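Please open the model in a viewer and keep the sequence panel visible beside it. The tour below proposes selections in turn and describes what is found at each one.

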Amino acid sequence: MRTSRSRRAFGSPLPRPFVLVVAAVLAVVGLWAASGAAPAAAAPTQATAGARPDFRLPFACGETWQLQTYQGHAPDDKKLDMYRVGGQTLGASVVASAAGTVTEFFEPGGLEINHGGGWFSVYLHMDRIDVRLGQQVSSGAPLGRLGLVGTTSAHLHYEQLYDADGDNDGETDEMVHPVLQGTEYRLSPSGPFPRVTSTNACGGTPAPERFWVDTFADAPGYADVDCVGDTSPRCAVQGKLFKGTNYVLCKKPGDEVRVGNSYNHWWLLTDLDQVVPGGSGRAYISAYYLQRWGNDEAKDNEGRDIRLC
């Protein structure tokens, strides 16, 4: 799917200091090399750059996504379009492929993360962005939700960039062949298109299979997370989760539920206590019913972030 990047559409990047001393040193080195002295060190390239971050697939641990490109992607072998395998691409959660700082928003539905050491990553086509400029994120931290912004076919457009000119920004002409989970990808429009299973945020102590939470009121359950205000049969109430201590399995971003000054856009997959005739016993309830941790939080009773669905 063709993509254009219109930078700084949603705000300015973080301040970028001018590195005058570095420029002066480079100028001196250039004159030294021209006079017949030992050659200056090569400018950073993909092969000679400093340590690349441990980039992971920008989706939840265990999800499988197909990596694609097409003729005219420009450059075809460096830009990746990602489509989910065995699940729905539209509405999927996008996560940070490595730790860093959110430094720029731009269209269509995109953001850039500075990972330090000159490395950047870019994510496009999100219809909701869940981070703010200047926010530090860990690998696997939720960034937003895939939508149809700037495309007619839901997918994540992903890039990796190295700041070769030292201006503390990742520009389109500084794009490199992406490395994900230790594998470098140089795709061709003619294929093959690899399928990759995410190992993002899989390490350490495994997340529990069930997260125990307290709900302050009975919560209606829905088959999906985009049913606020939708009265179609698809969004019929499936049943009810009784108030009290309950377990949930995972969380997914969706429509915001707001009552007064209280709101939450996370939805929790769980097994309902009461199911309507013909309903599904496993459904989504709004994390609004937690309230233990405040607005737009989805944590269990021990303060752990509930994993993404």
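Select arginine 304 to begin: with a relative accessible area of 37%, this residue is partly exposed. The model is a predicted one. Now add aspartate 300 to the selection; arginine 304 forms a salt bridge with aspartate 300, and the closest N and O atoms are 2.8 Å apart. Is aspartate 300 buried or exposed? Aspartate 300 has a relative accessibility of 1% and therefore counts as buried, since the limit for buried is under 20%. The salt bridge thus has one buried partner, aspartate 300, and one partly exposed partner, arginine 304.

**A network of charged residues**

Next, select Asp224, Asp226, Asp230 and Arg234 together. Salt bridges that share partners join these four residues into one network. Within this group, display the side chains of aspartate 224 and arginine 234, which meet in a salt bridge with an N to O distance of 3.7 Å. Both aspartate 224 and arginine 234 lie in the loop between strand 17 (219-221) and strand 18 (239-241), so the pair ties together parts that are 10 residues apart in sequence. Arginine 234 is partly exposed, at a relative accessible area of 42%. As general background, side chains of opposite charge can pair when their charged atoms come close. In the whole structure, a search finds 13 salt bridges.

**An open sheet of three strands**

Move now to arginine 128 and aspartate 130. Their side chains also meet in a salt bridge, at 2.8 Å from N to O. How do the two partners stand with respect to the surface? Arginine 128 counts as buried because its relative accessibility is 17%, whereas aspartate 130, at 24%, counts as partly exposed.

Keep arginine 128 selected and add arginine 145, which stands opposite arginine 128 in strand 10. Colour strand 8 and strand 10 (residues 142-146): they pair in the antiparallel sense over 3 bridges. Then widen the selection to the open sheet of 3 strands, whose order is 4-10-8 and whose pairing is antiparallel. Which strands form the edges of this sheet? The edge strands are strand 4 (93-95) and strand 8 (126-129), each of which pairs on one side only. Rotate the view to compare the directions of the strands: neighbouring strands of this sheet are turned by 35 degrees against each other on average, direction ignored.

**Strand 2 and its two partners**

Select residues 64-68, which make up strand 2; this strand is mostly covered, with 4 of its 5 residues buried. On strand 2, two pairings can be followed. Strand 3 (residues 80-85) runs antiparallel to strand 2 and is joined to strand 2 by 5 bridges. To see one position of this pairing, select tryptophan 65, which stands opposite arginine 84 in strand 3. Strand 15 (residues 195-197) is likewise antiparallel to strand 2, with 3 bridges between them. Here, select glutamine 66 and look across to arginine 195 in strand 15, which stands opposite. Strands of a sheet pair through backbone hydrogen bonds, either parallel or antiparallel.

**Backbone features in the loops**

The following stops concern the backbone. Most residues other than glycine have a negative phi, and most peptide bonds are trans. Select alanine 74, in the loop between strand 2 and strand 3. Alanine 74 has a positive phi of about 55 degrees although it is not a glycine, and its relative accessible area of 48% makes it partly exposed. Glutamine 181 has a positive phi as well, near 55 degrees; look for glutamine 181 in the loop between strand 13 (179-180) and strand 14. At 21% relative accessibility, glutamine 181 counts as partly exposed.

Now examine two prolines. The peptide bond from glutamate 107 to proline 108 is cis, with omega near 0 degrees, and proline 108 is in the loop between strand 5 (100-107) and strand 6 (110-116). The peptide bond from glycine 191 to proline 192 is also cis, again with omega near 0 degrees. Proline 192 belongs to the loop between strand 14 (183-184) and strand 15.

**The whole chain**

Finally, clear the selection and display the entire chain. How many helices and strands does the protein chain have? The protein chain has 1 helix and 23 strands. Of its 309 residues, 44% count as buried. The accessible surface of the protein chain is about 14,700 Å², and 54% of this surface belongs to carbon and sulfur atoms.

Technical notes
Residues numbered from 1 in each chain as written. Predicted model: local features only at pLDDT ≥ 70, side-chain atom pairs only at ≥ 80, totals over all residues. Heavy atoms only, no water. Buried < 20%, exposed > 50% of the residue type's maximum accessible area, 1.4 Å probe, protein only. Pairing = 2+ DSSP bridges. Areas by Shrake-Rupley, 256 points an atom, 1.4 Å probe, with all protein chains shown as cover. Axes fitted to C-alpha atoms, helices over the stretch in contact; angles between N-to-C directions.
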